[in-house]
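Please open the model in your viewer and keep the sequence panel beside it, since this tour moves from one selection to the next.

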Amino acid sequence: MSTGNNIKKQRERRNMTQEQLAEELGFSRPYINQIENNVKTLTLPMAAAIAKILRCKVDDLVED
């Protein structure tokens with residue numbers, strides 16, 4: 001599974017919309033959509049911030 005799919009799965013597990021995640025991170029919803037669709041590359045600081053919000057480990061987001 002790709003990083004984008006892992007993020008989407010964790011986000012949905014928390015019943016969170018892309019808009020809600022974007023707001024928590026201070027980004028736009030289209031940017032989150034691009035991350036989930038693997039258009040934008042996820043940086044380590046961004047992965048850490050997303051993991052904190054989604055209450056999971058960074059490994060949960062980046063593992064295959």
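Begin by selecting the buried residues of α4, which pack against α1 (3-13), α2 (18-25), α3 and α5 (58-62). What you are looking at is a predicted model, and the residues to highlight for this first stop are M46, A47, I50, A51, I53 and L54, the buried ones of α4. Looking down the axis of α4, you should find that these buried residues fall within an arc of 165°, so they line one face of the helix. Turn the view to the face of α4 that points away from its buried side, and select the exposed residues L44, P45 and K52, which are carried there. Then step just past α4 to R55, where the backbone takes a positive phi of about 55°.

**The whole chain**

Zoom out and colour by secondary structure: the chain has 5 helices and 0 strands, and from the N terminus on its elements run α-α-α-α-α. A box drawn along the principal axes around the C-alpha atoms would be roughly 25 × 25 × 20 Å. For 64 residues, a compact globule would have a radius of gyration near 11 Å, and the 10 Å of this chain agrees with that expectation. If you switch to a contact map, restricted to contacts with a separation of 6 or more, 56% of them are accounted for by residues 24 or more positions apart.

With a surface display, the accessible area of the chain comes to about 4,100 Å², of which 46% belongs to carbon and sulfur atoms, while buried residues make up 34% of the 64 residues. Colouring by charge brings up 10 positive and 9 negative charges, whose mean positions are 2 Å apart.

**L61, in α5**

Select L61 next, which is found in helix α5. Is L61 buried or exposed? With a relative accessible area of 0%, L61 is buried. Show its surroundings, leaving out residues up to four places away in sequence, and L61 is seen to touch T3, N6, I7, Q10, A47, I50, A51 and C56. Among these partners, A47, I50 and A51 belong to the buried residues of α4 that you highlighted earlier. For a distance label, pick the C-alpha atoms of L61 and L25, which are 36 residues apart in sequence and 16 Å apart in space.

**R11, in α1**

Move on to R11, which lies in helix α1. The relative accessibility of R11 is 7%, and since buried means under 20%, R11 counts as buried. Which residues is R11 in contact with, leaving aside its neighbours within four places in sequence? The contacts to display are M16, T17, Q18, L21, E36 and L54, and L54 is one of the buried residues of α4.

**K40, between α3 and α4**

The last selection is K40, whose place is in the loop between α3 (29-36) and α4 (44-54). At 36% relative accessibility, K40 counts as partly exposed. Not counting residues up to four places away in sequence, K40 touches Y31, Q34 and I35. Finally, add a distance label between the C-alpha atoms of K40 and G4, which are 36 residues apart along the chain and separated by 9.2 Å.

Key
Residues are numbered from 1 along each chain as its sequence is written. This is a predicted model: local features need pLDDT of at least 70, side-chain atom pairs count only at pLDDT 80 or more; totals for chains, interfaces and linings use all residues. Side-chain values use heavy atoms; hydrogens and water are left out. Helices (H or I, at least four residues) and strands (E, at least two) are DSSP runs, numbered from the N terminus. The radius of gyration is taken over C-alpha atoms; the globule rule is 2.2 Å times the number of residues to the power 0.38. Buried means under 20% relative accessible area, exposed over 50%, partly exposed in between (1.4 Å probe, protein chains only). Contact means heavy atoms within 4.5 Å. Accessible areas come from the Shrake-Rupley method with a 1.4 Å probe; for residues, only the protein chains shown count as cover. Lys and Arg count as positive and Asp and Glu as negative; His and the chain ends are not counted. The place of a charge is taken as NZ of Lys, CZ of Arg, CG of Asp or CD of Glu. The arc is that of the directions from the helix axis to the C-beta atoms.
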